[in-house]
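Visitor: I'd like to learn how to read a structure like this one. Could you walk me through it, feature by feature?

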Protein chains: 2
Amino acid sequence: MEIPLKASLLKMNAPIVDLVKKIKKLGKEDPRRIMHSFKVALAITLVSMVYYLRPLYKGMGEAGIWAILTVVVVFEYTAGATLCKGMNRGLATLLAGALGLGAEYFARIFGPKAESIVLGCLVFLLVAAATFSRFIPHIKKRYDYGVLIFILTFSLVAVSGYRVENIMELAHQRLSTIILGGATCIIISICVCPVWAGEDLHVLIVSNMEKLASFLEGFGGEIFQLPLEVESADGSNEPDKSFLGAYKSVLNSKAMEESLANFAWWEPGHGKFRFSHPWKQYLKIGALMRQCAYHFESLNGYLDARFQTSSEFRKRVQGPCTTMSSEAGKALKELALSIKAFSYPSNSAMNIQICKKAVDEVNSTLQASMVGECDILEIIPIITVISILNDIVKCVETIFEAIEELSE
Amino acid sequence: MEIPLKASLLKMNAPIVDLVKKIKKLGKEDPRRIMHSFKVALAITLVSMVYYLRPLYKGMGEAGIWAILTVVVVFEYTAGATLCKGMNRGLATLLAGALGLGAEYFARIFGPKAESIVLGCLVFLLVAAATFSRFIPHIKKRYDYGVLIFILTFSLVAVSGYRVENIMELAHQRLSTIILGGATCIIISICVCPVWAGEDLHVLIVSNMEKLASFLEGFGGEIFQLPLEVESADGSNEPDKSFLGAYKSVLNSKAMEESLANFAWWEPGHGKFRFSHPWKQYLKIGALMRQCAYHFESLNGYLDARFQTSSEFRKRVQGPCTTMSSEAGKALKELALSIKAFSYPSNSAMNIQICKKAVDEVNSTLQASMVGECDILEIIPIITVISILNDIVKCVETIFEAIEELSE
């Protein structure tokens, strides 16, 4: 009976072991995640000291919970996001607090009976207006959280004022605890192993460009490989073809890039990045890279089929075609290096020149060839691939220009 | 002096007028936005009644602020998102509250001196673990907000218990106010002019498909228009070409579709949608449509250049090519209609058949034509466009299959 019990225990353990493996993988992929978890825990523990230490508790009292609340909602993964939320929260609390007090005094004019009705109407109107403002794209992009906090604080102050006697003291206590919580978050997220959104954006753009580059470098060799060669290669030891699919993550990187650029805007200067680093140019480069990746999607369909023929025509264009693709890939790799090193992309200009030469060569080969020699249906895929590669070379040129602009 | 003053006043007014126009446009685009603003205002005003009405205030007291806080952060635009946040908040509060009380009693064992240290350690460890769990993709997707609230509530309860005498009463009060706030949100968002995430996803998929369809329907006519015709057409009254660019929004719709599908998962059955409507199938259709749109991007480059020749070859392929493109467009339009009507896409099967016939026709035209007749460089763009159209027809077929599956 021991073995089945052991087996069933093992079976029960399987999902747990699975989970542990997943968690280990998450931590290994980006060890900053573990650091972030400890940073949040540290911030919350520090802020809750207010409760444990009697002298502090006397000063803050119940309002101390606002410090914990602030830390929990403000502390984000990147320093930029934390700054964005912290500043939004602080400013919105100040503004809404002042307005709330104003509303309170205004409502008192109408006498004790009408006061609650006037206050209710004011809250209704202001909350409706503020909620609607969250649909305005510019506000949604940068101040969404601030408006939320504005609504919260205004309602709370307007409503608390009705019951609490010493409203000014309450407001003072709450504001100071929120500032305490916000400042703790911002200081810890900037000073302890900071995760900069700007740096992440920089790294993301570089790695996406490298993915595009390795696709192009490998593509020429892949597509002109005869079916027979493929089979024999598969037989012995399968080579790593992951570089052909890696570019797919570039297709959907827009949301990520935009949120990182948005948070990077809030960050102070760090390392090689100044305060007003041209993050918008990164977004432009990202958009151009996606354009390039869309063409890859069209090319990718031809990889599955491969060119089944070994006609004269194919042999003639193979050389310049492979050069086009691999030189465009090298140009992108050089561009990625130059972004990484914050330098002028001088090497890739040469690669683009070689590319253009190959384009001319392909064109003259095409012009010289008598298409009557072989079946036109067979050469159609080759011609299509050449056209798309041509478009890709143009894309690489515009990327080059955008990076030239950035390096200035 | 009056006129300059008026002029400068007008100048000052300009940005305000601009803003008002923008706001009007936002409201007109989607009047549900205005309704949503009033719904949020109504929910907050209702919940703050707790303060204004003496009998209610006696029962809830200070804890009433938690009801307002809950409404502000839980009330989202769609019913699904509100349900998701409300359920997450409720469950996380319950779980964290119970764990927090447990931690409190556990820490008391160690005597009054060590209590705060033990509590601090517990908070630190649990917060770090919970924060890390937010990086696990499955949790991030569905329970991110719940984990946030778990951290908040656990820290608050663990910490409050240290000072507050009657912790059970506090917990009871807070939980009941949170349930009051959450229930108010959920009831108002479901009963008053509900905005269903599922319906929005349905409408988004249909409208994206229509955008793809109008591009294809118009493309054939556009690309085979001679430069001369274009000029004369531009001269008199410029026709609306917006259908050629509308598909671009499909390229970046992934994030939107995923978040809507995620919220739709929480929604109860409504209208023609059951509780377990196959939202995943919508995501699959969305992905296939994006695939199609990537090919459009490759095609779009050829629209700017247009075919400059009026060769024999061009004339011969023009007919079947235009048929291919417009029939694929019609098929997509029929598919959009069938999704809209929740019916089997029977009409589009016919369109796809016509498409395929046109593909065969183009291929036989190509095979029959002596390319020697004209410059090969001139026919390359035509051949490329034909190949890409071919790929698009294949895409439309897979979309058809996916919708067939959905209709079952």
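Guide: We'll go through symmetry, one residue, rings, cores and salt bridges in turn.

Guide: Some ground rules first. This is a predicted model, where local features need pLDDT of at least 70 and side-chain atom pairs count only at pLDDT 80 or more, while totals for chains, interfaces and linings use all residues. Residues are numbered from 1 along each chain as its sequence is written, chains are lettered from A and ligands numbered from 1 in the order in which they are written, and side-chain values use heavy atoms, with hydrogens and water left out.

Visitor: Which rotation superposes chain B on chain A?

Guide: The general idea is to superpose the copies by least squares on the C-alpha atoms of residues with pLDDT of at least 70 in both. Here a rotation of 180 degrees, with 0.0 Å of shift along its axis, puts chain B on chain A at an RMSD of 0.1 Å. That is how a two-fold axis relates things. The same surface also serves both copies, since 100% of the contact residues of chain B recur in chain A (contact means heavy atoms within 4.5 Å).

Visitor: Let's zoom in. Is A:Val123 buried or exposed?

Guide: Relative accessible area decides: under 20% is buried, over 50% exposed, and in between partly exposed, using a 1.4 Å probe and protein chains only. A:Val123 has 1%, so this residue is buried. A:Val123 belongs to helix α6 of chain A, residues 111-133; helices are DSSP runs of H or I with at least four residues, strands are runs of E with at least two, and both are numbered from the N terminus.

Visitor: What does A:Val123 touch?

Guide: Leaving out residues up to four places away in sequence, A:Val123 touches A:Phe154, A:Ser155, A:Ala158 and, from the other chain, B:Ile44. For a feel of the helix, the C-alpha atoms of A:Val123 and A:Ser133 are 15 Å apart, with their positions 10 residues apart along the chain.

Visitor: How many aromatic pairs are there over all chains?

Guide: A pair of aromatic rings is described by the distance of the centres and the angle of the planes. Rings of Phe, Tyr and Trp (its six-membered ring) pair if their centres lie within 6.5 Å; planes under 30 degrees apart are stacked, over 60 edge-to-face, and the rest tilted. The count by that rule is 29 over all chains. One of them is A:Phe106 with A:Phe110, edge-to-face at 5.4 Å centre to centre and 75 degrees between planes. A:Phe106 is partly exposed at 40%, and A:Phe110 is partly exposed at 44%.

Guide: Then take B:Tyr143 and B:Trp266: centres 6.5 Å apart, planes at 85 degrees, so edge-to-face. This pair links distant parts of the chain, 123 residues apart: B:Tyr143 sits in the loop between α7 and α8 of chain B, and B:Trp266 in the loop between α13 and α14. B:Tyr143 is partly exposed at 32%, whereas B:Trp266 is buried at 16%. Ring pairs also link A:Phe215, A:Phe219, A:Tyr247 and A:Phe296 into a cluster.

Visitor: Where does A:Lys85 lie relative to A:Tyr145?

Guide: A charge sits over a ring if NZ of Lys or CZ of Arg is within 6 Å of the ring centre and within 35 degrees of the ring normal. A:Lys85 lies over the face of A:Tyr145, 4.7 Å from the ring centre. In chain B, B:Lys85 lies over B:Tyr145, also at 4.7 Å.

Visitor: Which residues have the most contacts inside the largest nonpolar core?

Guide: In soluble globular proteins, nonpolar side chains tend to be buried together. A nonpolar core is a set of buried Ala, Val, Leu, Ile, Met, Phe, Trp, Tyr and Cys residues joined through side-chain atoms within 4.5 Å. The largest has 132 residues, and A:Met209 and B:Met209 have the most contacts inside it. B:Met209 touches residues including B:Ile285, B:Leu332 and B:Ile403. Another core, of 83 residues, lies apart from it and has A:Leu69 and B:Val118 among its members.

Visitor: And how many salt bridges are found over all chains?

Guide: A salt bridge needs a side-chain nitrogen of Lys or Arg within 4 Å of a carboxyl oxygen of Asp or Glu. The search finds 31 over all chains. A:Lys85 forms one with A:Glu76, at 3.1 Å between the closest N and O atoms. B:Arg290 and B:Glu257 form another at 3.2 Å, joining helix α14 to helix α13 of chain B across 33 residues, and both partners are buried.
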